[in-house]
Amino acid sequence: MLNPICDEMLNYTPIVRPYFRHIDRQMLRAAADVGASQAATLRSLLAQGCETVWGREHGYRRDMTYDEWRAASSTIEYEDIRPYVMRMVDGERSVLWPGVTRRFAQSSGTSGGKSKYIPVTDRGLQRVHYRGGTDSVARYLSLYPDSRLMSGKALILGGSFATELHPGDSRVEVGDLSAHLIENINPLAGLVRVPERRVALMSNWNEKLPRLVESVVKEDITNLSGVPSWMMTVLKEVLRTTGASTIHEVWPHLEVFFHGGISFEPYRAEYSRLVGDNHMRYFETYNASEGFFGVQYERGNRAMLLLMDADTFYEFIPACGGDPVPATDVERGKVYELVITNSNGLWRYRLGDTVRIESTSPLTITVAGRTQHYINAFGEELMVYNADAAVAKACAATGASIANYTAAPVYATCGTRGRHEWLVEWINRPSDVDEFARVLDNALRQENSDYDAKRKGDIFLSPLTIVSVPRGTFDRWLQTTGKLGGQRKIPRLCPDRRYVDAILKQS
């Protein structure tokens, strides 16, 4: 039975709009002068950093210039600070950030297979994570003056505090970043968010999904926030439970999906089918366990404004190699690895993401991929953004849609050439999977000149092949890793076969 929403909530959007207009203006002022904004941010962070174990070990001073600071400490990866983080978990004060930190966001493991525990300091929670969320709403309301965002509720997917780490201090909380955000949310914001906290923080996704759907189908939802792949699972369960044909039959006032975490392009066509209304808006954000970094800048353009007012200092390592450069020295059209310093106690931290500079004034970016998620087994240098764009083209050309995919190389033998093998879990399976593979292969050649060069004449690289896996295969694999849940993501590309072979065992 469908849910007729008889009594629409009061529309509070006009009341809160002046506040968010002020926030948007602050954000744009900071973005208008990147040099001054970033210099002020670095001074503020160093004033705190010099009071820490890390800062003393590296000779941090309040009055350091950028060049002095860069010379004092190199860029780092998580394994470089793991011992420091564990000291913080054990209660030691002022290790990476002044005072005691009792929140840690559990994130995907490194190449060593261990989970990462990212500090979430009091200042970082407010000035990095919540500030980014506020900026996102402010930019959206500025771009869409007709929005009625606050006339209903927000469906926000969250994780849990389930963790393999068991701190000795019961006051220490370890879990998904979204669990920390929901646990500490402003009570006023909590009034317009669903599901209720006890459901949002459930750890078993299989038990959580039906409870979540039950708690939201009768609400008047105006906006969604989450990772596209997991939100799609929720929306499909909503349709199954209600018997509705489209989501707008259930939530007629739904207007926007704030999405991030993975590329939306492979899912766009399926969302259009599920939602059933071409007036639905999709708003790009760039957030991670380490911080909130970007929000969509313009209507109809997925480029994101890099946030200069969210307590983060940015550096960029050229993808082709070289030394890090500050935000003032990046070049339009180039791809860089992102390095961050912020008030979560992360100092010159290599985030693992690559970004493409779309404009320098203001500084806007798109996420190109992960530094470890690529295939370059044959010199093709295939990146995630190439793959996502090609998948979107192939789906549009064949009428197919996918739930998940991953790809890896198959190496040459004495009788065969190398190729890429794709594992695909379909939503709408194409009538001819081999034809889809051919279209996808051609799309990859259009998106990536190095891949095209290696494919010419089938001399160096054979056409890609697709293995169709049963529905639920990727979820079963995530369960074996202990990472099934609303924020967990499938690695799209891998330079070796560690993920593909493990997923195939679940098919």
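1. Arg455 belongs to helix α16, which spans residues 449-455. The structure discussed in this note is a predicted model. Within that model, Arg455 has a relative accessibility of 5% and is therefore counted as buried, since buried means under 20% relative accessible area.

2. Which residues does Arg455 touch, leaving aside those up to four places away in sequence? The contacts are Asp441, Arg445, Leu461, Ser462 and Pro463. A separate value relates Arg455 to Leu165: the two lie 290 residues apart along the chain, and their C-alpha atoms are separated by 46 Å.

3. Two cysteines deserve mention. Cys395 has a relative accessibility of 6% and counts as buried. Cys494 is likewise buried, with a relative accessible area of 2%. How many disulfides does a search of the whole structure find? The result is zero. For the reader's orientation, a disulfide is a covalent bond between the sulfur atoms of two cysteines.

4. Helix α6 covers residues 122-143, a run of 22 residues. From its first C-alpha to its last, α6 reaches 31 Å, which is close to the 32 Å expected at 1.5 Å a residue. The helix nevertheless contains a kink of about 35°, and this kink is centred on Arg131.

5. Is α6 largely enclosed or left open by the rest of the structure? Of its 22 residues, 16 are buried, so the helix is largely enclosed by the rest of the structure.

6. An open sheet is formed by three strands, arranged in the order β2-β1-β4, with mixed pairing. The edges are occupied by β2 (116-119) and β4 (173-175); each has a single partner strand, so one side of each is left without a neighbour in the sheet. On average, neighbouring strands of this sheet are turned by 25° against each other, direction ignored.

7. The pairing of β1 with β4 can be described further. Strand β1 consists of residues 103-107 and pairs with β4 in the parallel sense, over three bridges. At the residue level, Arg103 stands opposite Glu173, the latter being in β4.

8. What lies across β1 and β2? Helix α5, made up of residues 78-89, takes this position and runs at about 65° to β2. The strand β2 thus appears in two descriptions: as an edge of the open sheet, and as one of the strands across which α5 lies.

Key
Residues numbered from 1 in each chain as written. Predicted model: local features only at pLDDT ≥ 70, side-chain atom pairs only at ≥ 80, totals over all residues. Heavy atoms only, no water. Disulfide = S-S within 2.5 Å. Buried < 20%, exposed > 50% of the residue type's maximum accessible area, 1.4 Å probe, protein only. Helix = DSSP H or I, 4+ residues; strand = E, 2+ residues; numbered from the N terminus. Expected span 1.5 Å × (residues − 1). Bend = angle between axes of the 7 residues up to and from the residue. Pairing = 2+ DSSP bridges. Axes fitted to C-alpha atoms, helices over the stretch in contact; angles between N-to-C directions. Contact = heavy atoms within 4.5 Å.
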